[in-house]
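Got the model open in your viewer? Let's walk through it, one selection at a time.

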Amino acid sequence: MDVKINFSGRGHKYTKQEQELVAEVMNSDENLTQGRHKDAFEDAFCRYNGNRFAFSVCNATAALEMAAQMCLFEEGDEVIAPSHTFTSSVYPFVKKGAKPVWADIDFQTRVVTLESIKKCMGPKTKAIIVVHLYGYMIPEIEQIAQFAKENGVLLIEDVAQAMGTEIEGKKAGTFGDFGIFSFHSHKNITTLGEGGMLTVGEQKYADIIPMLRHNGHCGYDFEREHYWKPAMGNVDLPMLDGKVLMPNNYCLGEAECALGTKLLGRLDEMNATKRKRALRFIDELSEFDDLEFHRVESKQHNYHLLAAYVKNGKRDELMSKLAFEKGIKCVVQYYPLNRYPLYEKLGFGQADCPNTDEFFDNMISFPFHLWMSENDFEYMLKATKEALLEI
Ligand SMILES: Cc1ncc(COP(=O)(O)O)c(C=O)c1O
């Protein structure tokens, strides 16, 4: 296969200033973890996204692991989750003992709805995971949050792909009990390949996350005569609602945090660039009935990914033509989780999600990294038109 346009795992490139900032942190005498850049990043994040508390972590999966711990699952508890998502939206909850109940997506928006969640509710439901997939913020997020609250169920918002999206000025990740963000290599902003943020609104979570994130380290609750006695620092068990949790080490380094703060400054601009390009691609292909995109002009979509439904069973023909004749490597996403051996072997292989199945089995995701050159973008557009005419 002669690849002209690959599906890049690299979301964006860095400016000279961003590179210099990282070099500055590398060359300084300060600690490379747990320092002022962490505090600054978390403050800047709260200001940008409108969260009360934010905690930087080594990736979004670590944030999900901690959220899952704080759900305090008991034997038989269930968690509602879309099967149409990346695996780490869900397996951390399974690890902590929850049974996933799969919610279907809406066919047009490709995200869960209040109705699809209601269908999965039962007496054992302890938490709901919603995912703002492809970069699209769930339209009914406010109603879903209200519903969770009324039913005493925790809400986890996976915003890994939708950083910067908003509805009426309120950002994704401010509705749930826990907000999950990713700065992985492929994401809207990346802190050198790995990184994430866990946000919470309640003080009781904010009180224990630093210990949960960093080996159970904490201060002493009494005045010490010598800073080295009884030890340099204390190590204790984080407690939540009278239950003991075991700590982890999920910290993010200082260079990554410094870079993260800087990148927040141009996130809106990067999202706007992608949105503009996505709309151009969608509009130029609107005459082709075989392709169905999800077109959104507002900041509710950041077009992290550019996905479409291919009608009339023509997906594989289109993928083949694009790959082997035009050199454009499209991909398919997201394999319904219940079909993976990991979930099947654990007994979670059954799902009643017809929209998910129909969409996944016929979807295509185009290469859509921010740094794609104008020439490559034009080529992809032209080649896709040709391919659609030929099939
Ligand atoms: C929806 C979703 N959730 C969670 C994650 C996990 O992110 P990370 O790689 O930062 O752990 C990803 C990453 O691809 C994702 O797309």
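Start with the whole chain: of the contacts between residues at least 6 apart in sequence, 73% link residues at least 24 apart; a contact here puts two C-beta atoms, placed from the backbone, within 7 Å. Before you go on, note that this is a predicted model, where local features need pLDDT of at least 70, side-chain atom pairs count only at pLDDT 80 or more, and totals for chains, interfaces and linings use all residues. Residue numbers start from 1 along each chain as its sequence is written.

Colour by secondary structure and you get 13 helices and 16 strands, taken as DSSP runs (H or I, at least four residues, for helices; E, at least two, for strands) and numbered from the N terminus. The radius of gyration is 22 Å, close to the 21 Å of the globule rule for 391 residues, so the protein is as compact as a globular protein of that length. That radius is taken over C-alpha atoms, and the rule is 2.2 Å times the number of residues to the power 0.38. Along the principal axes, the C-alpha trace spans about 80 × 55 × 40 Å. Buried residues make up 45% of the 391; buried means 20 or more other C-beta atoms within 10 Å of a residue's own, exposed means 12 or fewer, and partly exposed is in between, with C-beta atoms placed from the backbone.

Next, select 16-264 and 267-390 in two colours: these are domain 1 and domain 2, with bounds from an automatic or database domain assignment. Their C-alpha centres are 27 Å apart. Where they touch, domain 1 brings 32 residues and domain 2 brings 29 residues. On the domain 1 side, look for helix H4 (91-95), strand E3 (99-103), strand E6 (166-167) and helix H8 (254-264), each giving at least two residues. That side splits into 17 nonpolar, eleven polar and four charged residues. (Nonpolar is Ala, Val, Leu, Ile, Met, Phe, Trp, Tyr, Cys and Pro; charged is Asp, Glu, Lys and Arg; the others, Gly among them, are polar.)

Now bring up the open sheet of seven strands, ordered E1-E9-E8-E5-E4-E2-E3 with mixed pairing; strands pair if DSSP finds at least two bridges between them. Which are the edge strands? Strand E1 (53-57) and E3, each pairing on one side only. Neighbouring strands are turned by 20° against each other on average, direction ignored. Axes are lines fitted to C-alpha atoms, for helices over the stretch in contact, and angles run from 0 to 180 degrees between N-to-C directions.

Zoom in on strands E8 (residues 178-182) and E9 (residues 196-200), an antiparallel pair with five bridges. Gly179 sits opposite Thr199 in E9. Then add helix H6 (residues 141-150), which packs on the sheet, touching strand E4 (125-131) and strand E5 (154-158), its direction at about 150° to that of E5. E4 and E5 run parallel and are joined by five bridges, with Val131 opposite Asp158 in E5. Four of the five residues of E5 are buried, so the rest of the structure largely encloses this strand.

Move on to helix H3 (residues 60-70): how many of its residues are buried? Eleven of eleven, including Glu65 and Gln69. Just after H3 comes Leu72, with a positive phi near 50°.

Last stop: Glu317, in helix H10 (residues 315-325). Glu317 is partly exposed, with 15 other C-beta atoms within 10 Å. Draw a C-alpha to C-alpha distance from Glu317 to Leu337: 25 Å in space, for 20 residues in sequence.
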